[in-house]
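Please read this report with the model open beside you. It covers strands, a helix, aromatic rings and a core.

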Amino acid sequence: MTEISPDLVWAAPTGFDPASEGWERRSDEGFVGLIGPFWQRRDGDLSALGLLTEPKHHNRRGVVQGGVLMTLADRALGTGAWHETGGKPQATVQLDVHFVETVKIGEFVEARGQVVRRTHSLVFMRGTLVVGSRVVATADGVWKILAPAGASSDRRLPVTE
C-alpha cells in the first residue's frame, strides 16, 4: 500500500466554524449520517449544503474520497429538487459528477444546486461544489417525482378473469 503524504492529509488549519458563518447542522440518519454531519444554509431562494471534511473522508492518496463528494452533490441537488416540488418525494435517477480539483482533509466543501428544468415527473438539476472560491466538482442530475407514500404507483388496469 502506498504511504500517504502528510501534506495531502490535512489542509492548512483554517479554524472554520460553520455555525459561526450562518450554517445550521443537519441531522441525518443512515448512510448520510455516517458521512456527515452536513451543514445547511439558505441564501435567498437557494439552499446550500456543506461538509467540513474529516480524516474519515480520506482515500488512499490522503485526500477526500470522490464518493463523499458525490454523496454531498446528490444530497444538495436532491434537496433543491425537493424544494422545487414543494416537498414531494423523489428519487435520483441519474447523477454525473466531474471532479475538477482535489479537496484536502480539513477543508469545508459547499454544494449549491439550481433547477435547470422541471417537467410533470422529472426535475433536472445542475450544481457546483466549491472550497472557498475554488471549484472542486460540478454535477448534473435528474430526479424522478414519486407518488406520495401509500399511493399506488401501478397505473395498470387490474387483471380480471
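Which residue in E6 is the bridge partner of Arg118? Val123 is. Keep in mind that this is a predicted model.

## Confidence and layout

The chain has a mean pLDDT of 87. In 83% of its residues the value reaches 70 or more. Confidence is lowest in H1, with a mean of 50. Confidence is highest in E7, at 98.

The chain holds three helices and seven strands. Read from the N terminus, the elements follow the order α-β-α-β-β-α-β-β-β-β. Of the 161 residues in the chain, 36% are buried. Contacts between residues at least 6 apart in sequence were also sorted by separation. Among these, 62% join residues at least 24 apart.

## The sheet

The seven strands form an open sheet in the order E1-E2-E3-E5-E6-E7-E4, and the pairing is antiparallel. E1 (24-26) and E4 (90-99) stand at the edges. Each has a single partner strand, so one side of each is left without a neighbour in the sheet. On average, neighbouring strands are turned by 30° against each other, direction ignored.

Helix H3 (residues 66-84) packs on this sheet. H3 touches E1, E2 (38-43), E3 (46-52), E4, E5, E6 and E7. The direction of H3 makes about 135° with that of E4.

Three of the strand pairings are listed here, each with one pair of bridge partners.

| Strands | Bridges | Bridge partners |
|---|---|---|
| E5 (residues 108-118) and E6 (residues 122-131) | eight bridges | Arg118 and Val123 |
| E6 and E7 (residues 134-145) | 10 bridges | Val130 and Val135 |
| E4 and E7 | nine bridges | Ala91 and Lys144 |

Two hairpins deserve a look. The hairpin from E5 to E6 passes through three residues. The hairpin of E6 and E7 has two residues between the strands. There, Gly132 takes a positive phi near 65°.

Strands of a sheet pair through backbone hydrogen bonds, either parallel or antiparallel. Here E5 and E6 run antiparallel. E6 and E7 pair in the antiparallel sense, and E4 and E7 do too.

## The aromatic cluster

How many aromatic pairs does a search of the whole structure find? It finds two. The first to consider is Phe16 with Phe108, a tilted pair. The ring centres are 4.7 Å apart, with 40° between the planes. This pair links distant parts of the chain. Phe16 lies in the loop between H1 (6-9) and E1, and Phe108 lies in E5, 92 residues apart.

Is Phe16 buried or partly exposed? Phe16 counts as partly exposed because its relative accessibility is 30%. Phe108 has a relative accessible area of 11%, so Phe108 is buried.

Trp23 and Phe108 make the other pair, which is edge-to-face. Their centres are 5.1 Å apart and the planes stand at 70°. Trp23 is in the loop between H1 and E1 while Phe108 is in E5, so the pair ties together parts that are 85 residues apart in sequence. Both Trp23 and Phe108 are buried. Taken together, Phe16, Trp23 and Phe108 form one aromatic cluster.

## The nonpolar core

The largest nonpolar core has 27 residues. Which of them touch the most other members? They are Phe38, Leu72, Val103, Val109 and Leu129. H2 (30-35), E3, H3, E5, E6 and E7 each supply at least two residues of this core. H3 gives the most, with seven residues.

Phe38 also has contacts beyond its neighbours within four places in sequence. Among them are Val32, Leu49, Leu51, Thr71 and Leu72. Charged residues appear on the list as well, including Glu24, Arg25, Asp28 and Arg75.

## Glu24 at the edge

Glu24 sits in strand E1, which is one of the edge strands. Is Glu24 buried or exposed? Glu24 counts as exposed because its relative accessibility is 60%. Leaving out residues up to four places away in sequence, Glu24 touches Phe38, Trp39 and Gln40. The C-alpha atoms of Glu24 and Leu49 are separated by 9.4 Å. These two residues are 25 residues apart along the chain.

Definitions and conventions: Residues are numbered from 1 along each chain as its sequence is written. This is a predicted model: local features need pLDDT of at least 70, side-chain atom pairs count only at pLDDT 80 or more; totals for chains, interfaces and linings use all residues. Side-chain values use heavy atoms; hydrogens and water are left out. Two strands pair if DSSP finds at least two bridges between them. Helices (H or I, at least four residues) and strands (E, at least two) are DSSP runs, numbered from the N terminus. Axes are lines fitted to C-alpha atoms, for helices over the stretch in contact, and angles run from 0 to 180 degrees between N-to-C directions. Contact means heavy atoms within 4.5 Å. Rings of Phe, Tyr and Trp (its six-membered ring) pair if their centres lie within 6.5 Å; planes under 30 degrees apart count as stacked, over 60 as edge-to-face and the rest as tilted. Buried means under 20% relative accessible area, exposed over 50%, partly exposed in between (1.4 Å probe, protein chains only). pLDDT is the predictor's confidence in each residue, from 0 to 100. A nonpolar core is a set of buried Ala, Val, Leu, Ile, Met, Phe, Trp, Tyr and Cys residues joined through side-chain atoms within 4.5 Å.
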